[in-house]
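Me: I'm new to reading protein models and I'd like to go slowly through one part of this one. Could you pick out a charged pair and walk me through it?

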Amino acid sequence: MSVDTATVRRVARLARIAVSDDEVATMQGELNAILGFVEQLGEADVSGVEPMTSVTPMEMKKRDDAVTDGHKAEDIVANAPATQEHFFMVPKVVE
């Protein structure tokens, strides 16, 4: 894939980068080099490589998936003007 000067100007405008006419040619070469490198990465044979999340093999830390009330009901309603059995009490607004 090759990038032309119009594409360089469009990318610069989208990135909100001010690019002078002299810098367009330099930027065009740099973007073409980056895209060439990405194409080289696509040619690598990774069929026998398993996906990994870290460079060192490790098992993810897991916690029990248990539903609790957080044991903070009293703390949550502590500053409420009116509560009843750990619930906020509000005035009736619909009749």
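Reply: Here is a look at one salt bridge, followed by the chain around it.

Keep in mind that this is a predicted model. The confidence score, pLDDT, averages 89 over the chain, with 99% of the residues at 70 or more. Helix H1, residues 5-14, has the highest mean, at 94, while helix H3, residues 73-76, has the lowest, at 88. That's handy for us, as Arg-9 is found in helix H1.

Now for the pair itself. Side chains of opposite charge can pair when their charged atoms come close. Here, the side chain of Arg-9 forms a salt bridge with the side chain of Asp-21, with 3.2 Å from N to O. The pair ties together distant parts of the chain, since Arg-9 sits in helix H1 and Asp-21 in helix H2 (residues 21-42), twelve residues apart. If you go by C-alpha atoms instead, Arg-9 and Asp-21 are separated by 9.3 Å. The salt bridge count comes to one.

What else does Arg-9 touch, leaving out residues up to four places away in sequence? Besides Asp-21, Arg-9 is in contact with Val-24.

Next, are the two partners buried or exposed? Arg-9 has a relative accessible area of 41%, so it counts as partly exposed, because that label covers values between 20% and 50%. Asp-21 comes out at 58%, which is over the 50% cut-off, so Asp-21 is exposed.

Let's zoom out a bit. The chain is built from three helices and two strands, and their order from the N terminus is α-α-α-β-β. Its radius of gyration is 29 Å, well over the 12 Å that the globule rule gives for 95 residues, so the chain is more spread out than a compact globule. The C-alpha atoms fill a box of roughly 70 × 45 × 25 Å along the principal axes. Of the 95 residues, 6% count as buried. The accessible surface adds up to about 9300 Å², and carbon and sulfur atoms account for 57% of that.

One last stop is on that surface. Ile-76, Phe-88 and Val-90 make a nonpolar patch of about 350 Å². You'll find Val-90 in the segment after strand E2 (87-88), and Val-90 is exposed, with a relative accessible area of 69%.

Conventions:
Residues are numbered from 1 along each chain as its sequence is written. This is a predicted model: local features need pLDDT of at least 70, side-chain atom pairs count only at pLDDT 80 or more; totals for chains, interfaces and linings use all residues. Side-chain values use heavy atoms; hydrogens and water are left out. pLDDT is the predictor's confidence in each residue, from 0 to 100. Helices (H or I, at least four residues) and strands (E, at least two) are DSSP runs, numbered from the N terminus. Patches are made of residues with over 30% relative accessible area and no salt bridge: like charges are joined within 9 Å, nonpolar side chains (Val, Leu, Ile, Met, Phe, Trp, Tyr) within 5 Å. Accessible areas come from the Shrake-Rupley method with a 1.4 Å probe; for residues, only the protein chains shown count as cover. A salt bridge is a side-chain nitrogen of Lys or Arg within 4 Å of a carboxyl oxygen of Asp or Glu. Buried means under 20% relative accessible area, exposed over 50%, partly exposed in between (1.4 Å probe, protein chains only). Contact means heavy atoms within 4.5 Å. The radius of gyration is taken over C-alpha atoms; the globule rule is 2.2 Å times the number of residues to the power 0.38.
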